[in-house]
Amino acid sequence: MRILVFLFALLGSLPAFAALNVFATVPEWGALAREIGGDKVNVYVATHALQDPHRIEAKPSLLAQARRAQLVVATGADLEIGWLPLVVRDAANPAIQPGQPGYFEAASVVSRLEVPQVVDRAHGDVHPGGNPHFQLDPYRIDKIAAALAVRMAQLDPANEASYRANQRAVAERWKAAIARWEKLAEPLRGVPVMVQHRSFSYLLAWLGMREVATLEPKPGVEPGSAYLSELLTRQQTQPARMILRAAYQNDTHSQWMATRAHIPAVVLPFTVGGSDEAKDLTGLFDDSINRLLKGLR
Amino acid sequence: MIDENQARRVGRGAGLLGAHAASDPDLAAIRAQIDELKRHYEQRIAALEEKLARSEGQQPARSAETQAAVPSASPATSATAFNPEISVILDAKVANTSRSPETYRIRGFIPNGGEIAPPRRSFSLGETELALAANVDHLFRGTALFSVAGDGEGIATEEAYIETLALPAGLKLKAGRFLSGIGYVNAQHPHTWDFVDAPLAYKAFFGSRLSNDGVQLKWLAPTPFFLELGAEAARGGGFPGNERDKNGSGLGTLFAHVGGDVGWSHAWQAGVSYVRTHARDRAWEDTDPTGGATRTAFTGRSSTLGADFVWKWAPDGNPAQQNFKFQSELFQRRENGTLTYDDTAGSHAVGRVADGYRSRQSGWYAQGVWQFMPQWRLGVRHDRLNSGDTRIGLVNTGLVSPGDLPMLAAYSPRRDAVMLDWSPSEFSRLRLQFARDTSRGPGEADNQVFLQYIMSLGAHGAHKF
């Protein structure tokens, strides 16, 4: 009996159900959902910028949050393949099953780069759906924002006007910001870089930078010393100007290379929260470009 | 583009190849140049793709809705598009044990007929596991797991169940054959274990694990922390019950799990479980001190209470470099009924007699697994069982001497294991394990060395907690 009273007390203490409960798999979609949803949504972000998005477990707290969600916002393209299908299934929440309006995959709205011709794990941890790290392309973010606003309006028609207005405001701001970033990043055009993992393909493609090597011999595979030495030799003939890694990645290999090749190792926030400056999506791009420009000096 | 110098060098390299072996730096230079060319073109193609995508995006008068509906990749439309997710687990071992696995038993505990012996000596193939899973429709999902035994004993249906996808209010129903939701390790398949073999407590109390033919209902509470309640009703045809040719439910379980996070770096889960079933003439065969065959059987009620705890640590929640996992489970089983002793087929010294039997036995294990650098993990496990206080009416009245029931002699088996494993990717693992197991009785320690590989191919497995 006492347990029942306790349970009811708990149920009563839950946040108001008036707001749309959003479960975002990664910080960038959490930030986007907040910008479009404003005070009409409660956003839970399942991971943070210092976690490797490929290596998350379906831990109990995620199940509890997915159970209460009305909308799951995921990257898709197999980024969350190791944990999200399990969380969505075990959360006993029919509203967020794939195919339902409550399940939104950003990858379904945008095209992907680096879609493999051959899907074979001998080539490392390949994603059949292409490179899933498209959050570093502002044009794609813009498209995703539009689709997400539609989805939120579909789930919560009462606040449709608010979602649409917020999305329009975001799009306006975004347009101006993109123009500013592109002007700012002019010196980066054509700059050759090495990357730890192919985390920045979209950013580099957008800014016209050139990726000349990856420190991982294959996606998700740690480099051996022979491979790193080969890269160092290659640096003599095709010099890269800097080495890029995401905030969550270990610095061992990029530091090794930076010291020997005498080029800077630049840490990019990769997602919202990856640096002190990357507080939101605008901050993410501001800081990424600033750090790249600093690396150029 | 290749400049003139580079072109000359490539030409020279090619000439060298034709005449005699090129020197290594030349080859490396050529390879680097080819790679560079490839990369250059890839990036130009990417840039063009980008341009194309942009210009598509700038088409006027396209509403947000239609943009959202545009599929980015054309899906396959053949009949095979609906094939289920398929995965195969390959598992093989080399074992070196100081005592024969064929004589394995756990002294002090009623034998259960489960697959509890250590892996056979020398090279052996473990269970090759084939898993198929797919959504049946919008309401159900189906999963089937078959294991093919290495020694040609045929295909066993490990699990074959359906589960609901759309029950309201946090409810989920499972039906068919499935691994029970009790405890922590019980629902895990051997390839996800952190050690080569199951904890002793599972071996003694469930014949390695509790598998049900039945139904399971789980409720996930709408609370900010994890709270799950579950109940199962099953036939209970396996240990600790047995086949009883009876209508209705023969085994029931109840379990509850709670869990949550402490900051980003820590996650935990704790649970309690209860299993209750009956056995009728659950028999085992043995020999009395004169070597005559005996048959002993238990009829009565068996109930098991369990508690489990798991705690995981990874700096900032990122397990890539380092992580640690602690887990411990505790079980206590009570059995209450009658024990029948029959040596009519052997020495006929006692005949066929029956009297009361009551036992309270317990067991636990605790283990820690530490990933000290990427790909490498070190684990330690300690197992302990206690045959507890057992009241055997037949022995108390003097009808049967304790020597006639060697398996029921009071004893506390122990086992210690250390393992080191290497996982070059998520899909492969090599493991070396040393263990010292004293289950057989005092002075009968078994020193074990196992080398094992576990590889998975096909669908990407889930990272269960």
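Student: How many salt bridges are counted between chain A and chain B?

Tutor: This is a predicted model. In it, the count between the two chains, A and B, is two salt bridges. In one salt bridge, D261(B) pairs with K59(A), and the closest N and O atoms are 3.2 Å apart. Polar contacts across the interface of chain A and chain B are found for 15 residue pairs, both residues having pLDDT 80 or more.

Student: Which elements of chain A give two or more residues to the side that touches chain B?

Tutor: They are the helices α1 (2-12), α3, α4 (84-90), α5, α7 (201-207) and α8 (225-237), together with β6 (210-214). The most is given by α3(A), with seven residues.

Student: How many residues of each chain are in contact, and what area is buried between chain A and chain B?

Tutor: The contact joins 64 residues of chain A to 67 residues of chain B. About 5,500 Å² is buried between the two chains, and carbon and sulfur atoms give 53% of that area. On the side of chain A, the residues that lose the most area to chain B are P60(A), R67(A) and R121(A), which together account for 12% of what that side buries.

Student: Let us turn to the interior. Which residues have the most contacts inside the largest nonpolar core?

Tutor: The general idea is that nonpolar side chains tend to be buried together in soluble globular proteins. Here, the largest nonpolar core has 65 residues, and those with the most contacts inside it are W29(A), M152(A), F200(A), M242(A) and L244(A). Helix α5 (residues 138-155) of chain A supplies the largest share of this core, eight residues. At least three residues come from each of domain 1 (18-108 + 123-175) and domain 2 (185-296) of chain A. A second, separate core has 26 residues, including A198(B), L200(B), V310(B) and F331(B).

Student: Which residues does M242(A) touch, beyond four places away in sequence?

Tutor: Among them are L188(A), V191(A), P192(A), V193(A), M194(A) and M209(A). M242(A) also touches I263(A), P264(A), V266(A) and L292(A), as well as G295(A) and L296(A).

Student: How should chain A be read as a whole, and how many helices and strands are there in it?

Tutor: Chain A has ten helices and eight strands. Of its 297 residues, 60% count as buried. Among contacts in chain A between residues at least 6 apart in sequence, 64% join residues at least 24 apart.

Student: Is H54(A) buried or exposed?

Tutor: H54(A) counts as buried because its relative accessible area is 11%, under the 20% cut-off. This residue lies in the loop between β2 (41-45) and α3 (60-68) of chain A. The side chains of H54(A) and D52(A) are joined by a polar contact of 2.7 Å. Leaving aside neighbours within four places in sequence, H54(A) is in contact with L79(A), H127(A), H133(A), H197(A) and Y248(A), and with E426(B) and H463(B) of chain B.

Student: Where does E243(B) lie, and which residues is it in contact with?

Tutor: E243(B) lies in the loop between β8 (226-234) and β9 (251-262) of chain B. With a relative accessibility of 48%, E243(B) counts as partly exposed. Its contacts, neighbours within four places in sequence left aside, are R235(B) and G237(B). With R235(B), E243(B) forms a side-chain polar contact of 2.8 Å. The C-alpha atoms of E243(B) and A279(B) are separated by 7.9 Å, although the two residues are 36 residues apart along the chain.

Notes. Residues numbered from 1 in each chain as written. Chains lettered and ligands numbered in written order. Predicted model: local features only at pLDDT ≥ 70, side-chain atom pairs only at ≥ 80, totals over all residues. Heavy atoms only, no water. Core = buried A, V, L, I, M, F, W, Y, C linked by side-chain atoms within 4.5 Å. Buried < 20%, exposed > 50% of the residue type's maximum accessible area, 1.4 Å probe, protein only. Helix = DSSP H or I, 4+ residues; strand = E, 2+ residues; numbered from the N terminus. Domains from an automatic or database assignment. Contact = heavy atoms within 4.5 Å. Polar contact = N/O pair within 3.5 Å; in protein donor to acceptor, adjacent residues only side chain to side chain. Buried area = accessible area lost by both parts, 1.4 Å probe. Salt bridge = Lys/Arg side-chain N within 4 Å of Asp/Glu carboxyl O.
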